[in-house]
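User: Please take a close look at the salt bridges of this structure. How exposed are the residues that form them, and what can be said of the buried positions elsewhere in the chain?

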Amino acid sequence: HIAEALKANAMVTQLVLIDSKIGAVGAQHIAEALKVNATVTHLDLNYNIIVDVSAQHIAEVLKVNATVAKLDLSCNGIGAVGAQHIA
């Protein structure tokens, strides 16, 4: 899985998973991997059926991962609650 590979990654700086339909579970796995990944600076997850709960997982990662500088979550199912977590 991509999430498992990210945990050991020391090379990839951009992760672009546009329209991969990873959903809430996939987003949670990516978020968990990014807690220990220190190389990804650009994360593009647009068009992935990500919802408020997933946004919360990603927001929690951003608190501990200072490496991710660019995040694209456009065209997902994130509502006001999810947006508040990210903000």
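Analyst: Lys35 is partly exposed in this predicted model, because its relative accessibility of 37% falls between the 20% limit for buried and the 50% limit for exposed residues. Its salt-bridge partner is Glu32, and the closest N and O atoms of the pair are 3.2 Å apart. Glu32, with a relative accessibility of 35%, likewise counts as partly exposed.

This pair belongs to a set of three salt bridges. Another of them joins Lys7 to Glu4, with 3.4 Å between the closest N and O atoms. Both residues lie in helix H1, and their separation of three residues corresponds to about one turn of the helix. Lys7 has a relative accessible area of 40% and is therefore partly exposed.

A further salt bridge links the side chains of Asp19 and Lys21, with an N to O distance of 2.7 Å. Which class of accessibility applies to Lys21? Its relative accessible area is 51%, so Lys21 counts as exposed, the limit being over 50%. Asp19, at 44% relative accessibility, is partly exposed.

The pair of Asp19 and Lys21 leads to a buried residue, Asn48. Asn48 is located in the loop between E2 and H3. Its relative accessibility is 0%, so Asn48 counts as buried. Its contacts, with residues up to four places away in sequence set aside, include both Asp19 and Lys21. Also among them are Leu17, Ile18, Ser20, Ile22 and Gly23, together with Cys75 and Asn76. The side chain of Asn48 also comes to 3.0 Å from the backbone nitrogen of Ser20.

Asn9 is another polar residue to be considered here. It is situated in the loop between helix H1 (2-8) and strand E1 (14-16). Asn9 has a relative accessible area of 16%, which means that it is buried, since the limit is under 20%. Its side chain makes a polar contact of 2.5 Å with that of Thr39. Beyond four places in sequence, Asn9 touches Asn37 and Val40 as well as Thr39.

The nonpolar interior may be taken next. The largest nonpolar core comprises 17 residues, and those with the most contacts inside it are Leu6, Leu15, Ile30, Leu34, Leu43 and Leu45. Two or more residues of this core come from each of H1, helix H2 (23-34) and helix H3 (52-64). H2 supplies the largest share, five residues.

Leu43 shows how these parts meet. With neighbours within four places in sequence left aside, Leu43 contacts Leu15, Ile30 and Leu34, and also Val68, Lys70, Leu71 and Asp72. Leu15 stands opposite Leu43 in E2. The strands concerned, E1 and E2 (residues 42-44), pair in the parallel sense over three bridges. They belong to an open sheet of three strands in the order E1-E2-E3, with parallel pairing. E1 and strand E3 (70-72) are the edge strands, each pairing on one side only. The average turn of neighbouring strands against each other in this sheet is 0 degrees, direction ignored.

Two helical positions complete the picture. Ala3 lies in helix H1, and its relative accessibility of 9% places it among the buried residues. Among residues beyond four places in sequence, Ala3 is in contact with His29, Ile30 and Ala33. Its C-alpha atom is 8.3 Å from that of Gly26, although 23 residues separate the two along the chain.

Ile58, for its part, belongs to helix H3. Its relative accessible area is 4%, so Ile58 is buried. Ile58 touches Ala31, Leu45, Leu71, Leu73 and Ile86, not counting residues up to four places away in sequence. From Ile58 to Leu34 the C-alpha distance is 8.8 Å, across 24 residues of sequence.

To return to the request, Lys7, Asp19, Lys35 and Glu32 are partly exposed, and Lys21 is exposed. Asn48, by contrast, is buried, yet it touches both Asp19 and Lys21.

Notes. Residues numbered from 1 in each chain as written. Predicted model: local features only at pLDDT ≥ 70, side-chain atom pairs only at ≥ 80, totals over all residues. Heavy atoms only, no water. Helix = DSSP H or I, 4+ residues; strand = E, 2+ residues; numbered from the N terminus. Buried < 20%, exposed > 50% of the residue type's maximum accessible area, 1.4 Å probe, protein only. Polar contact = N/O pair within 3.5 Å; in protein donor to acceptor, adjacent residues only side chain to side chain. Contact = heavy atoms within 4.5 Å. Core = buried A, V, L, I, M, F, W, Y, C linked by side-chain atoms within 4.5 Å. Pairing = 2+ DSSP bridges. Axes fitted to C-alpha atoms, helices over the stretch in contact; angles between N-to-C directions. Salt bridge = Lys/Arg side-chain N within 4 Å of Asp/Glu carboxyl O.
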